[in-house]
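Subject: Structure for you to look at

Dear colleague,

Here is the structure I said I would pass on. My notes follow below it.

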Amino acid sequence: MMIGDIHQRVTRSSVNSLAFTYVATFEPQDLSHALSDPSWVNAMHEKLENFKRNHVWDLVEPLPNYRPIGTKWVFKNKQGENRMVVRNKARLVAQGFYQKEGIDYEETFALVARLEAIRILLAFAASKGFKLQQMDVKSAFLNGFIEEVVYVRQPPGFESAKFPDRVYKLRKALYGLKQAPRAWYARLKSFLLKPGFVMGSVDKTLFLLRSGGDTLIVQIYVDDIIFGGSSHALVSSFAEQMSREFEMSLMGELQFFLRLQINLEGTFVHQAKYTRDILKKFNMGNSKPMTTPMSTNTALDADEDGEAVDQKKF
């Protein structure tokens, strides 16, 4: 299916008038399912507009004997604490499994913060009385410049009516590209080091800025950023600088991170929401809580006639 010019956007107001809702409550099973709903169409348009603003790619004639990398849409509903859908997220990803080392990419390694480092930061912030804030970089990988020459196919459902056979030459990384995480981390690290941040000697995803007698701490986990400090002015200045450089979602005081629910007053960390989501996923939402959720005297053996279990889920 071809939607037409990707620059002709479906606005939120038109979505509201057509669907009588701000967001769709379902996650599409495939592209045709998504294209049937104005809210999801709008989410895809917003993503492609983001590509245009960030100068992610150029539509060019395909090179002879060169196979462009395919693209696909991935759909996900973002839920709040009460499990209500608050946002429809449509992400265009490159099918990186088609990439060839030495041609489409070179280095791929990118640093990721360890969970132990996050826990240490939470404990430190609680001991110092810091209010940790959280921000999310919109389409973070689109901010990473790539050095290799990479071509991708046009987004499914949004092919150009005038040039359906052309391909996009990438200037910046797409989700799914093997070098995308590395390119984004390099861009963000370069930006942070310019105003005087010092990178951690052990944890390279931790950055520290000292200004007079005040301290600002920034912890990076891919496109999620935790930050806080001893000065409200310093914290606000950092948020403003990041918003000017990147498209950000300022999420306020830290409450959810890596499936942890956090309350720094008393250093209380728990996983209540994650536990509820797991129970719901396996249709066990109405199960009764027990100290030991099975009989301690039951002997287990293989169920030869039972339905096979998808081991990847466990």
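Are tryptophan 57 and tyrosine 168 buried or exposed? Both tryptophan 57 and tyrosine 168 are buried. Please keep in mind that this is a predicted model.

**Overall**

The chain has 314 residues, of which 39% count as buried. Seven helices and 14 strands are found in the chain. About 19,000 Å² of the chain is exposed, and 51% of that area comes from carbon and sulfur atoms. Taking contacts between residues at least 6 apart in sequence, 66% join residues at least 24 apart.

**The sheet around tryptophan 57 and tyrosine 168**

An open sheet is made of three strands in the order S1-S6-S5, with antiparallel pairing. The edges are strand S1 (57-60) and strand S5 (151-152); each has a single partner strand, so one side of each has no neighbour in the sheet. Four bridges join S1 and S6 in the antiparallel sense, while S5 pairs with strand S6 (residues 167-170) over two bridges, also antiparallel. Tyrosine 168 in S6 has a bridge partner in leucine 59, and valine 152 stands opposite tyrosine 168 as well.

**Aromatic pairs**

In the whole structure, the search gives ten aromatic pairs. One of them is the stacked pair of tryptophan 57 and tyrosine 168, at 3.8 Å centre to centre with 15° between the planes. This pair links distant parts of the chain, since tryptophan 57 lies in strand S1 and tyrosine 168 in strand S6, 111 residues apart. For phenylalanine 124 and phenylalanine 130 the ring centres are 6.0 Å apart and the planes stand at 80°, so this pair is edge-to-face. Its two members differ in burial: phenylalanine 124 is partly exposed, with a relative accessible area of 34%, whereas phenylalanine 130 counts as buried at 10% relative accessibility. Ring pairs also link Phe51, Trp57 and Tyr168 into a cluster.

**Charges over rings**

Two arginines are worth a look here. The charged end of arginine 91 is placed over the ring of tyrosine 175, at 3.8 Å from the ring centre. Likewise, arginine 166 has its charged end over the ring of phenylalanine 163, 3.8 Å from the centre of that ring.

**Nonpolar cores**

Which residues touch the most other members of the largest nonpolar core? They are Trp57, Leu174 and Met242, in a core of 55 residues. Helix H5 (residues 180-193) supplies the largest share of this core, with seven residues. A second core, separate from this one, has 13 residues, including Leu122, Ala125, Leu254 and Leu260. As background, nonpolar side chains in soluble globular proteins tend to be buried together.

Leucine 174 can be followed further. Leaving out residues up to four places away in sequence, leucine 174 touches Phe51, Val56, Trp57, Ala94, Phe141, Leu142, Val152 and Ala180. Among these contacts of leucine 174 are Phe51 and Trp57, which also belong to the ring cluster with Tyr168. Val152 is another of its contacts, and valine 152 is the residue noted above as standing opposite tyrosine 168 in S6.

If you open the model, tryptophan 57 is a convenient place to begin: it is buried, it is stacked on tyrosine 168, and it is named with Leu174 and Met242 for the most contacts to other members of the largest core.

Regards

Note on methods: Residues numbered from 1 in each chain as written. Predicted model: local features only at pLDDT ≥ 70, side-chain atom pairs only at ≥ 80, totals over all residues. Heavy atoms only, no water. Core = buried A, V, L, I, M, F, W, Y, C linked by side-chain atoms within 4.5 Å. Buried < 20%, exposed > 50% of the residue type's maximum accessible area, 1.4 Å probe, protein only. Contact = heavy atoms within 4.5 Å. Pairing = 2+ DSSP bridges. Areas by Shrake-Rupley, 256 points an atom, 1.4 Å probe, with all protein chains shown as cover. Phe/Tyr/Trp six-rings, centres within 6.5 Å; stacked < 30°, edge-to-face > 60°. Lys NZ or Arg CZ within 6 Å of the ring centre and 35° of its normal.
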